[in-house]
Amino acid sequence: MPSSPSAEPVTDRAAQADTLLCADRQFGDSDAIRARNLARFRLGLTMLARHDGEAADVLRATAAAPAERLRPLLYDPVLRNCFEVDLAQLENDRLERSSFGLYVRGHLTAQAATQIPSSLGPCEALIHPQRSAWPGLGDAWVLSEPTPQGPSQDMLAGRLMELYRDALGGDQAGSPVDPTDAERAVLGEGAELLAALLPASGAGVLGHVTMVGFTRRESEEGPLQSMSGGDPLPSTVLLAPERCTSPWLIAESLLHEGAHLKLFDALRTGSLVRNATETVPIPWRIGSWTVIRVFVALHFYVHLMVFRAAAEAAGEEIRERFGPPPSVEDLDEPSPGTPAALSGQYRTSAERARYLAECVLSLPEQSLTENGRRFARWLLTALRLVDVDAPDSDEEVEVGGTWLPQAVLSQEIASASALRRATPVDACALPDLGQLVVSTVRSGRMHWLNARSWTVYSLCDGRDLDSLHTAYAGAAGLPVGSEEAGRHVTDSLRLLVAAGLVTHDT
């Protein structure tokens, strides 16, 4: 009989949770997340090329570039922002000209003229001197005032600073603070501490950070401590220089903001909620949060709880190198006037994580996609490893799977219908992950197929429904006519027909 989490040493439970947070192929495995985003990038550029004839050549050439040349472009703050804006406009049939095409052409021109190494992203090439944020642990670099050379880089630098100011709130944004050598040293030590304390999840989040900036900003909620850029300033972490007083403080900040960036990357290829406007009251904040914001916060608090457990169990080697962990939790105060501020509750990460977990567990089943239910089970399993008082999902988490979104057929498929794949389409395959991302050229929307739906899709070559059931059973190694094979085909066809990827003519 396996021992309960409370019976195991804190060191073992923290290590198990650290491993679990990187085990899920959809949400935790950074290599898998990056592979899906690279496939989405290639497909998106191909889709944009169909709709912008002026930039089609550079968009197609970029889409076909080797992965090592694509990554600095995909995770560049300006180019990633342009790419996401272009895709949103394309999906809403409002794309006139690809801003990504404009900026990448300018970068390639500057690269040829000034011999910029292909390993440098466009924004990194603006910064002199170029300084690594955490040498040996990733490619992140430190932001300072850009020093562009030539018109193409002038345009890029202007856009970078515009995104920087917008992310910080426009007029409230000061210029980037050039960190001292001592501050940069503590930044590097904080990253090393995070990787040493959480070798799986801690080291993993660092890989989702491209640019680290230091800045100051005052708002009605107080001075800025740290923030992640999200959509307005992708792949970016901004920090107050005052965070560089301790490697422990920096490590926690990097985990916090890096976990957000990692989740943003993961959610690009799968939705968690069915109703984007559904909200949940938050007792330590004024107003309510959407369910997706609850998930984002829970994701961070689970990582923070694992970090705290690992810090508590840290050995002498870590304590001698980085100093002892803080004895008091550094958590933001509840907003004035909220129930938490009045009652004194929800002032610890454990209280907040438990509350958010209970919110997720109390949601009606129809509020979440299958992806969302797996995400919740995965997070709660990790949380229970380091907090035995956390709510229990009563379900074992399954890691490593792929997801199949549910869709509703507007009409039944007649058994004599000829099932055919829609054409033309753009697609990018990830055979190692058992996934295919595909888009019809008319829709401007991407659809992610798991191994089952990909198999069904490949078999829709004009055969009828009975033939499809027989062929799928043979391909999946299931008995012909079995309930399992029938369910796989039915669920997959719901997705494929609703997405316009398969037609059924009688």
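1. How many residues does helix 8 have, and what distance does helix 8 reach from its first C-alpha to its last? In this predicted model, helix 8 covers residues 181–197, which amounts to 17 residues, and its C-alpha span of 24 Å is close to the 24 Å expected at 1.5 Å a residue.

2. The buried residues of helix 8 are listed here in two parts for ease of checking: E183, V186, L187, G188 and G190 are among them, and A191, L193, L194, A195 and L197 are also buried.

3. L187 deserves a separate entry, since outside its neighbours within four places in sequence this residue is in contact with A133, W134, V142, V212, F214, L239, I250 and L254. Within the largest nonpolar core, which holds 80 residues, L187 is one of the residues that touch the most other members, together with W134 and L356. Helix 11, spanning residues 291–312, gives the most to this core, contributing 16 residues, while a second, separate core of 54 residues includes A39, A63, A167 and M211. As general background, nonpolar side chains tend to be buried together in soluble globular proteins.

4. Turning to the strands, the model has an open sheet of four strands, ordered 1-2-6-5 and mixed in its pairing. Strand 1 (141–142) and strand 5 (226–228) form the edges of this sheet, each of them pairing on one side only.

5. Strand 5 pairs with strand 6, which comprises residues 236–239, in the antiparallel sense and over three bridges; in the register of this pairing, S228 stands opposite V237 of strand 6.

Technical notes: Residues numbered from 1 in each chain as written. Predicted model: local features only at pLDDT ≥ 70, side-chain atom pairs only at ≥ 80, totals over all residues. Heavy atoms only, no water. Expected span 1.5 Å × (residues − 1). Buried < 20%, exposed > 50% of the residue type's maximum accessible area, 1.4 Å probe, protein only. Pairing = 2+ DSSP bridges. Core = buried A, V, L, I, M, F, W, Y, C linked by side-chain atoms within 4.5 Å. Contact = heavy atoms within 4.5 Å.
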